[in-house]
Amino acid sequence: QVQLVESGGGLVQPGGSLRLSCAASGVTLDYYAVIGWFRQAPGKEREGVSCITIDGGSTYESVKGRFTISRDNAKNTVYLQMNHVKPEDTGVYYCAADRRTYSAQSMCTIYVKYLERWGQGTLVTVSA
C-alpha cells in the first residue's frame, strides 16, 4: 500500500526534545514533490509546521529555531526534530506529501486541506 506512517510521539516535558519520524511505504520519497509536517490541537484547524520540497530547493518552518525537518532518502523517512518544546506545541502531528510541485511555503500554508497523502498522526503532549 502507498502510505505514510508517523511515529515518535509521546509525552515530553516543556523544554525537552522529541524526534518524529514519517516513513513512506509503497513508494520511495522521490515519488513525491513535497512533504511536510502538520499539527492539530484540540478544537483547532490543522496547520503547517514544516515543509520541504523533495529536491531540497525550499524549506518552510512555522516554528523557527526550534523545529527542523530533514529527510533520509535511503530510509524513505522524513523527520521532525522538536527542541525546546512548549505546551502550545501539544497536538496530533501528521506528515503529508504530494506529487504536485508546490513550494514548501505553499504546502504548509495555502494547500493544507488539499494534500494528496496523509499519515495517521502521532500525538505529542507537552506537559510537566
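User: Is Y102 buried or exposed, going by its relative accessibility?

Analyst: Happy to start there! One thing to keep in mind is that this is a predicted model. To read burial, we look at relative accessible area, and under 20% means buried. Y102 has a relative accessibility of 14%, so Y102 counts as buried.

User: Thanks! How many aromatic pairs does a search of the whole structure find?

Analyst: The search finds four aromatic pairs. One of them joins Y31 and Y32: the ring centres are 5.0 Å apart and the planes stand at 85 degrees, so this pair is edge-to-face. Y32 is buried, with a relative accessible area of 3%, whereas Y31 is partly exposed at 33% relative accessibility.

User: And how do I read the rings of Y102 and Y111?

Analyst: In general, a pair of aromatic rings is described by the distance of the centres and the angle of the planes. Planes under 30 degrees apart count as stacked, and over 60 as edge-to-face. For Y102 and Y111 the centres are 4.1 Å apart and the planes are at 10 degrees, so the pair is stacked. You already know that Y102 is buried; its partner Y111 counts as partly exposed, at 29% relative accessibility.

User: Which residues do ring pairs link into a cluster?

Analyst: That cluster consists of F38, Y94 and W118. W118 has another contact worth finding on your screen: the charged end of R46 sits over the ring of W118, 4.7 Å from its centre.

User: Where does the charged end of R19 sit?

Analyst: Look at Y79. The charged end of R19 sits over the ring of Y79, and the distance to the ring centre is 4.3 Å.

User: Let's turn to the strands. What is the order of the open sheet of four strands?

Analyst: To read a sheet, follow which strand sits beside which. Here the order is β1-β3-β8-β7, and the pairing is antiparallel. β1 and β7 are the edge strands, each with a single partner strand, so one side of each has no neighbour in the sheet. On average, neighbouring strands of this sheet are turned by 20 degrees against each other, with direction ignored.

User: How many bridges join strand β1 to strand β3?

Analyst: Five bridges join them, β1 covering residues 3-7 and β3 covering residues 18-25, and the two strands run antiparallel. You can trace this residue by residue: Q3 stands opposite S25 in β3, and V5 stands opposite A23 in β3.

User: And over how many bridges do β3 and β8 pair?

Analyst: β3 and β8 pair over six bridges, again in the antiparallel sense. A good place to look is L20, whose bridge partner in β8 is L80.

User: What about the backbone in the loops: what is the phi of N76?

Analyst: N76 has a positive phi of about 50 degrees, although it is not a glycine. You will find N76 in the loop between β7 (67-72) and β8 (77-82). With 17% relative accessibility, N76 counts as buried.

User: In which loop is H84 found?

Analyst: H84 is in the loop between β8 and β9 (91-98). H84 also has a positive phi of about 50 degrees without being a glycine.

User: Is H84 buried or exposed?

Analyst: Try the reasoning yourself: over 50% means exposed. H84 has 53% relative accessibility, so H84 counts as exposed.

Terms used: Residues numbered from 1 in each chain as written. Predicted model: local features only at pLDDT ≥ 70, side-chain atom pairs only at ≥ 80, totals over all residues. Heavy atoms only, no water. Phe/Tyr/Trp six-rings, centres within 6.5 Å; stacked < 30°, edge-to-face > 60°. Buried < 20%, exposed > 50% of the residue type's maximum accessible area, 1.4 Å probe, protein only. Lys NZ or Arg CZ within 6 Å of the ring centre and 35° of its normal. Pairing = 2+ DSSP bridges. Axes fitted to C-alpha atoms, helices over the stretch in contact; angles between N-to-C directions.
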